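User: Please take a close look at one part of the structure shown below. I would like a connected account of how the strands are arranged there and what the loops between them do.

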Amino acid sequence: MIKVQTKIRVRYAETDTMGVAYHGNYLTWFEVGRVDLLDKMGTPYRLLENDGYMLPVAECHVKFLKPSRFDDVLTIESCIEEKPRVKIVVHYNVYLEGNVICKGHTVHAFIGADGQLRRPPENFMKQVNELWS
């Protein structure tokens with residue numbers, strides 16, 4: 001398993017007229033956590049793209065438990081629980097003051113510029129195997 005935590009602050013523009021963070025922002029925050037996860041693994045998304053790989057979203061799921069509001073500091077926990085093959089599943093927990101307020105996951109396919117499925121690059125899998133606990 002590989003897990004990282006990323007802090008974000010809910011911006012005023014991310015709230016609705018009820019003062020609650022708009023639900024669509026959680027997928028953006030998942031992306032922030034996922035990009036940070038790849039960075040901290042030593043395999044930034046930019047390098048994957050430079051090597052000819054893309055990771056489009058094939059599936060996403062979000063379960064909202066409690067709201068967040070303007071100026072809340074959230075912790076996005078991003079986790080890979082299974083070693084990737086041609087897809088990678090990233091699980092997320094969003095915490096507010098130590099309590100989980102949202103859970104979810106995204107599924108991404110490794111594809112080449114031709115749109116065909118590919119196995120992850122060797123350098124990516126090397127990092128996964130070194131960091132796996």
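Analyst: In this predicted model, E4 and E5 make up a hairpin, and 6 residues lie between the two strands. E4 covers residues 73-80, and E5 covers residues 87-96. The two strands run antiparallel and are joined by 6 bridges. One of the pairs is Thr-75 with Tyr-95, the latter in E5.

E4 also pairs with E1, again in the antiparallel sense, over 8 bridges. Arg-9 stands opposite Val-73 of E4 in this pairing. Because 7 of its 8 residues are buried, E4 is largely enclosed by the rest of the structure.

E5 in turn pairs with E6, which spans residues 99-109. This pairing is antiparallel and has 10 bridges; one of them links Leu-96 to Asn-99 in E6. E6 pairs with E3 as well, antiparallel over 7 bridges, and Phe-64 has Cys-102 of E6 as its bridge partner. E6 is another largely enclosed strand, since 8 of its 11 residues are buried.

The connection between E5 and E6 is a hairpin with 2 residues between the strands. Glu-97 lies in this loop and has a positive phi of about 50°, although it is not a glycine. Most residues other than glycine have a negative phi. Glu-97 is exposed, at a relative accessible area of 74%.

The loop that leads into E4 comes from E3, residues 57-64, and Asp-72 is placed in it. Asp-71 belongs to that loop too. Its phi is also positive, near 75°, and Asp-71 is not a glycine. With a relative accessibility of 38%, Asp-71 counts as partly exposed.

Asp-72, by contrast, is buried, and it has no salt bridge. The nearest side chain of opposite charge is that of Arg-69, 5.9 Å away, whereas a salt bridge needs a side-chain nitrogen within 4 Å of a carboxyl oxygen, so this pair does not qualify. There is, however, a link to the backbone of that residue: the side chain of Asp-72 reaches the backbone nitrogen of Arg-69 at 2.7 Å. Beyond residues up to four places away in sequence, Asp-72 touches Ile-8, Arg-9, Val-10 and Leu-96. Two of these have come up already: Arg-9 as the residue opposite Val-73, and Leu-96 as the bridge partner of Asn-99.

The strands also contribute to the nonpolar interior. The largest nonpolar core contains 28 residues, and those with the most contacts inside it are Trp-29, Met-41, Leu-74, Val-94 and Phe-124. At least two residues of this core come from each of E1 (2-9), H1 (25-41), E4, E5, E6 and H3 (122-131). H1 gives the most, with 6 residues.

Val-94 shows how these parts meet. Setting aside neighbours within four places in sequence, Val-94 is in contact with Leu-74, Thr-75 and Ile-76, with Asn-99, Val-100, Ile-101 and Cys-102, and with Tyr-26 and Phe-30. Among these, Thr-75 is the bridge partner of Tyr-95, Asn-99 that of Leu-96, and Cys-102 that of Phe-64. Leu-74, like Val-94 itself, is listed among the core residues with the most contacts.

Definitions and conventions. Residues numbered from 1 in each chain as written. Predicted model: local features only at pLDDT ≥ 70, side-chain atom pairs only at ≥ 80, totals over all residues. Heavy atoms only, no water. Helix = DSSP H or I, 4+ residues; strand = E, 2+ residues; numbered from the N terminus. Buried < 20%, exposed > 50% of the residue type's maximum accessible area, 1.4 Å probe, protein only. Lys, Arg positive; Asp, Glu negative; His and termini not counted. Polar contact = N/O pair within 3.5 Å; in protein donor to acceptor, adjacent residues only side chain to side chain. Contact = heavy atoms within 4.5 Å. Pairing = 2+ DSSP bridges. Core = buried A, V, L, I, M, F, W, Y, C linked by side-chain atoms within 4.5 Å.
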